[in-house]
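I opened my notebook to look through a structure step by step. Here is what I wanted to look up, entry by entry.

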Amino acid sequence: MSRRARSRKAPRTGVDWFLTFLRVAALTVVAVGLLAFIAQEISTDNPFARWANPDATGLTGAQFRGLIVSGIAQGAMYGLIALGYSMVYGVLGFINFAHGEVFMVGAMTGMITSNKLADAGYWESNFIGSLVLIVVVSVIVCSLTAVIMERVAYRPLRGSPRLIPLITSIGVSFFLQNASVVLLGPAAKAYPDVPDWLKSKHTFLGIEGARILVILVAAASMICLWYLVERTKSGRAMRAVAEDAEIAELMGIDVNRTIVKVFALGGAMAGMAGILWGILFRSVIHTTGFLPGIKAFSAAVVGGIGHLGGAMAGGLSIGVAESVGPLLILEPLGVSGVSQLRDAVAFAVLIGVLLLRPSGLFGERLPSEDRT
Amino acid sequence: MNRMGHLTKSGKRRGAFSLFVSLLAMLSLLATSCGDDDDGGATEAPAPTAAPETTEAPAPTADPRGDPMGDGSLGIVEVEAGDAIQIRSLQAITGDVGAFGLPIDRAAYIAVDDYGQIKGFDVDLGASLDDLCSNDGGQAAAQIIVADEDVVGVLGTSCSGAAVAAAPLITNAGMVLISGGNTSPALTSDLAGNAGLNHSVGYYRTAHNDLYQGAAMAKFVFGELGFTTAAAIHDGDPYTQGLAQAFADAFEAEGGTVTGFSAINKDDTDMVPVLTEMATGTPEALFFPIFQPAGDFIADQAPGVSGLEDTVLLAADGLLNANYLPLPQTTGMYFSGPDQRFGENVNQSTGKTATDFTTAYDERYGEVPSSAFWAHGYDAAVLLLDAIDAASWVEDGTLMIDRQGVRDYLYGLRGYRGMIGTLNCDDFGDCGSSKITVVQNIGGEDNVEASLNNVVYSYEP
């Protein structure tokens, strides 16, 4: 008997009513904000455009475009990191909180490699070649970091309750952050300057070249990952282990090896995201992985944890929402200092999705016996 | 145990995902095409100047008790023969803001060495403490300091945000806190006789009050650059918020229009949303008196935001340092800050000039000071030592320091000749010089010194 069928019979409690009220209230705030924004865009003299915010001016097409593209670029990075959270949850059933730090390791590795290349003059003379090189180095280092993390910290705890590897992962996260401080110092490190075609915003539809590059590379990485998981033998093994590790082992699949591959793949995606971060923001510090890591975890939950496409979609949703949400919804409502609320908006998306669809955008509604 | 089971039933899900991605792509294309393409408390103030007139450590008075300042109401610190007088340095010494606070911290050590002994007793600064340029950092360090009852005074903090938390703890323990780097009006007063929101009795500073700095920048933008519209961004820190507000108020008082006033989070990296918010008012100038690394991202991303392509970027002393000026995106930017043309100013207690200081600094640390407030830090340290000297006496070989006397000395300070100029403390602890300059960044790794001296505007109320 499904939960839905059961819940239909059960009388609605006060909590149910409260949740319904919250859902309606959240949707109303979003709808009113959006309508006020649309009213601003039609005409700023419109009374509805100015009812809450008399100073409202609306956005130009170019500004709106800039916000969306910035959100997609940011979201693509969240999505790439979210893949690692989702894959590990899929096969092991726990959240690897140290994954954000693997992303930081990727950005740091890129910083070191790119500065070495810049010192040798190769960065300026052959930027694309250098980019490929730093991606390769970073992906290898991040995969290794993730694999060593699994071998040292998680495998010994494989049979223990899920809370134990979860707490261990928080410890690993602190270890990696502090290792970065000890090895590289606490100050922010800069990437070398990127070529003008990446900085210039007139390259394509008035969008910065760097953001286009980020979106393209993220899309290509996602396609590669999809191919690996869906079309190769290793991918089939991963899906089998995710479905049921014991049965998969009985079928002759080397579970340990498969889990190592999952960590390596997740690490590679985080490494890729780290490089994209470096290219876009050109600055990295030991805490770089923390907030993007938490947001990527939220993205994985928003998309439906365990679902790869969902992780990417969740990343894009959170990225775009935190980019446009403050100006599209909050400012027309007369909220002041809206840009400071972008993190709040990102996590409001998480709460909103959980309220409306607890299993996430692409998650399956599991029968109650499978929820334990 | 069916978690991730849906990975196996991927056909339908893939379809849904592709649909989602296609929808997103279509939406962004739609956004591109349908845009309208407009790119386009003071305690009683004692009699003036108890400051020593000599340039050496003052000689002990004839009477063993002498005539030290204070009434003992805050307690006496006893320093036994052979022990050292305990003071502390609490500055932002690590991370990106280290470039801002480290020179102030080092200045304290140089000042203590220059000053020498007080009545035959050494002064011990202990190990430097870190304010982390944050409220939490200031609070944590202050708790460590107040646990040691022998500490007489503290030099710090670098950041106003840290002082907000540290000042009440330190001053409630009877110690004084003297800052060479805080500039937020909230910590002292509005210069019209009203205490700031975070003012504590026993807090002093040699750095200027940001109401002066905000006025200086506003006059420069309105009067010199001839702009009538400007916007400001802060990061919620009392320093940045206070200065951005001071600028906005002064700019409007001049007759200009503030088209945007907003805030970011210190750890934000993607500044496109806040810059777009500012761009809606198409300001001619954008003032962001914040710190690194957020300042790097704003300068880098602003020219790429539609509506800010030609906007002139302005920042303040928090970014006026040797790490920020060489960044390519900061070339041509204007920075307000304390007047650093110290010339031949001599600190009356140590006899040292700014040149003596920078020479000593270079000898010790192998570099020039990386930010603007080292001279303020030096004067702050010397003031504390002078105050201890004025409020102490030797009894049976033990140095007795009257905590209230230290405060009385500082509140009564008038006409003190320091490295930064003449110092006068008001009833709220503002002791610093109010001379502000605006410099323009020449750009390039080797031009930091030249940029710091590239003064384009001077202000003195």
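My entries below go from chain A to the salt bridges and then to the disulfides.

**Entry 1: chain A as a whole**

I remind myself that this is a predicted model. I looked up the make-up of chain A and found 16 helices and 2 strands. Chain A has 372 residues, and 53% of them count as buried. I also looked up its exposed area, which is about 16100 Å², with carbon and sulfur atoms supplying 69% of it. For contacts in chain A with a separation of 6 or more, 73% are between residues 24 or more positions apart.

**Entry 2: a nonpolar patch**

Which residues make the nonpolar surface patch of about 770 Å²? I listed A:Ile128, A:Val132, A:Val136, A:Ile140, A:Leu144, A:Ile148, A:Val152 and A:Trp197. Helix H7 of chain A, residues 127-154, gives the largest share of the patch, with 7 residues. I picked A:Val152, which sits in helix H7. Its relative accessibility is 59%, so A:Val152 counts as exposed, the cut-off being over 50%. I also checked A:Cys142, and it counts as buried because its relative accessibility is 0%.

**Entry 3: salt bridges**

How many salt bridges does the structure hold over all chains? I noted 16. I then went through some of them.

In chain A, A:Glu322 pairs with A:Arg342, and their closest N and O atoms are 2.8 Å apart. This pair links distant parts of the chain: A:Glu322 is in helix H15 (residues 308-330), A:Arg342 is in helix H16 (residues 342-356), and they are 20 residues apart. Both A:Glu322 and A:Arg342 are buried. I saw that they also belong to a network of salt bridges that links A:Lys295, A:Glu322, A:Arg342 and A:Asp343.

In chain B, I looked up B:Arg106 and B:Glu367, whose closest N and O atoms are 2.9 Å apart in their salt bridge. B:Arg106 lies in helix H2 (residues 98-115) and B:Glu367 in the loop between helix H9 (354-365) and helix H10 (374-390), so the pair ties together parts 261 residues apart in sequence. Is B:Arg106 buried or exposed? B:Arg106 counts as buried, at 15% relative accessibility. B:Glu367 counts as partly exposed, at 35%.

My next pair was B:Asp430 and B:Arg205, a salt bridge with its closest N and O atoms 2.8 Å apart. B:Asp430 is in the loop between strand S16 (421-423) and strand S17 (436-440), while B:Arg205 is in strand S7 (residues 203-205), so this salt bridge ties together parts 225 residues apart in sequence. I found both B:Asp430 and B:Arg205 buried.

**Entry 4: disulfides**

A note to myself: a disulfide is a covalent bond between the sulfur atoms of two cysteines. The structure holds 2 disulfides over all chains.

One joins B:Cys133 to B:Cys159, with an S to S distance of 2.0 Å. The torsion about its S-S bond is about -95°, so the disulfide of B:Cys133 and B:Cys159 is left-handed. B:Cys133 is in the loop between strand S4 (129-130) and helix H3 (135-146), and B:Cys159 is in the loop between strand S5 (151-156) and helix H4 (160-172), 26 residues apart. Both cysteines, B:Cys133 and B:Cys159, are buried.

Another disulfide joins B:Cys425 to B:Cys431, with S to S at 2.0 Å. What is the handedness of the disulfide of B:Cys425 and B:Cys431? Its torsion is about 105°, so it is right-handed. B:Cys425 is buried, with a relative accessible area of 2%, and B:Cys431 counts as buried at 1% relative accessibility. Counting bonded cysteines along chain B, I wrote the pattern down as 1-2, 3-4.

Methods:
Residues are numbered from 1 along each chain as its sequence is written. Chains are lettered from A and ligands numbered from 1 in the order in which they are written. This is a predicted model: local features need pLDDT of at least 70, side-chain atom pairs count only at pLDDT 80 or more; totals for chains, interfaces and linings use all residues. Side-chain values use heavy atoms; hydrogens and water are left out. Patches are made of residues with over 30% relative accessible area and no salt bridge: like charges are joined within 9 Å, nonpolar side chains (Val, Leu, Ile, Met, Phe, Trp, Tyr) within 5 Å. Accessible areas come from the Shrake-Rupley method with a 1.4 Å probe; for residues, only the protein chains shown count as cover. A salt bridge is a side-chain nitrogen of Lys or Arg within 4 Å of a carboxyl oxygen of Asp or Glu. Helices (H or I, at least four residues) and strands (E, at least two) are DSSP runs, numbered from the N terminus. Buried means under 20% relative accessible area, exposed over 50%, partly exposed in between (1.4 Å probe, protein chains only). Contact means heavy atoms within 4.5 Å. A disulfide is a pair of cysteine sulfur atoms within 2.5 Å.
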